[in-house]
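Hi! Here's the structure I promised to pass on. Have a look at it first, then read my notes below.

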Amino acid sequence: MSLKDNKKRVFEEVDQAIQNSGRPSSSVQIIAVTKYVEPQIAKELVSAGVQHIGENRVDKFLEKYNFLKDEGVTWHLIGSLQSRKVKDVINFVDYFHALDSVKLAREIQKRAEKTIKCFLQVNISQEVTKHGFAIEEIEAALEEIAELDKVEIVGLMTMAPLSATDQELHELFAEANRLREKLANQGRQHMPFTELSMGMSGDFPIAIAHGSTFVRIGSAFFD
Ligand SMILES: *Cc1c(COP(=O)(O)O)cnc(C)c1O
C-alpha cells in the first residue's frame, strides 16, 4: 500500500474507534511517529494531512524539526529525555510525553523559554523495564512540580507491555483514565490533567475506548 493509502486507513480506523466509543468526532489527535523513516517521508505525511509529528529520540526529533519547521506541524517528543539534553531540544517541543522524574522537570523549568505542555509518564503495568512514575509516587512528585511554572502537566502518558492481552489492555487503559480523572479533580495550578497519551499501532482502538486523547501511531503508517 502507498503511504497515502496507509494514512487514510489509519485515520479511518481511529474515526471508527472514536465512533464505537461514543465520543465526539474530534476528541482524539493522531500523532504520526516518524522514527522509522526519513524526513522526506514525514513531509509526505504532512502533505497528506498529518498535523502532529512524534519522535522518541532527541537527534531524530531535531532532524525532522529542522526539515519541517515551516510546515505548521505540532511537535511531540514522546521518548525518555536525559536531563543533559533538555537544553538542545525543549524549546522546539510543543508536547513532551515522557516526564518521568522531578529532576527532569526542574531542568525543563531552567531551560524553557515558554510553557512546555508535559505528560507525566506513569508505569501502570509496574513493568521493571518501563520508564515512568509508579502510581504511588505521583502525588509527592506533583507537590514538587507545582512550583515549576513552565511545566504544565496536561495529562498522563502510559505504554502497555507488548505481551498484554486485550483484557489486560482494557484494564490498564481504564486504570490510567481513572487516575487521570482523580488528578484532574484535585485541581492543581497548571496541571489540568485533561489529556491521555496512550495507544500505539497495536492497541489504539482499546486506548480510545478508555478516553485516550492522543494516540502515538508509527508502524501502521509504514507497513
Ligand atoms: C515507537 C513509539 C510509538 C509508536 O509505536 P508503533 O507500534 O510503531 O505504532 C509510540 N510511542 C513511543 C514512545 C514510541 O517510542
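In these notes, Ala, Val, Leu, Ile, Met, Phe, Trp, Tyr, Cys and Pro count as nonpolar, Asp, Glu, Lys and Arg as charged, and the others, Gly among them, as polar. By that scheme, the shell around the ligand has 6 nonpolar, 4 polar and 2 charged residues. Among the residues around the ligand (those with a heavy atom within 4 Å of it) are Val33, Asn56, Met159 and Arg216.

One caution: this is a predicted model, where local features need pLDDT of at least 70, side-chain atom pairs count only at pLDDT 80 or more, and totals for chains, interfaces and linings use all residues. Residues are numbered from 1 along each chain as its sequence is written, and side-chain values use heavy atoms, leaving out hydrogens and water.

Now for the contacts (pairs of N or O atoms within 3.5 Å). Ligand oxygen atoms lie 2.7 Å from a polar side-chain atom of Lys35, 2.5 Å from a side-chain N or O atom of Tyr36, and 2.8 Å from a polar backbone atom of Gly218. The protein covers 89% of the 380 Å² of accessible area (Shrake-Rupley method, 1.4 Å probe) that the ligand has on its own.

Cheers!

Key
A polar contact is a pair of N or O atoms within 3.5 Å; within protein, one must be able to donate a hydrogen and the other to accept it, and residues adjacent in sequence count only if both atoms are side-chain atoms.
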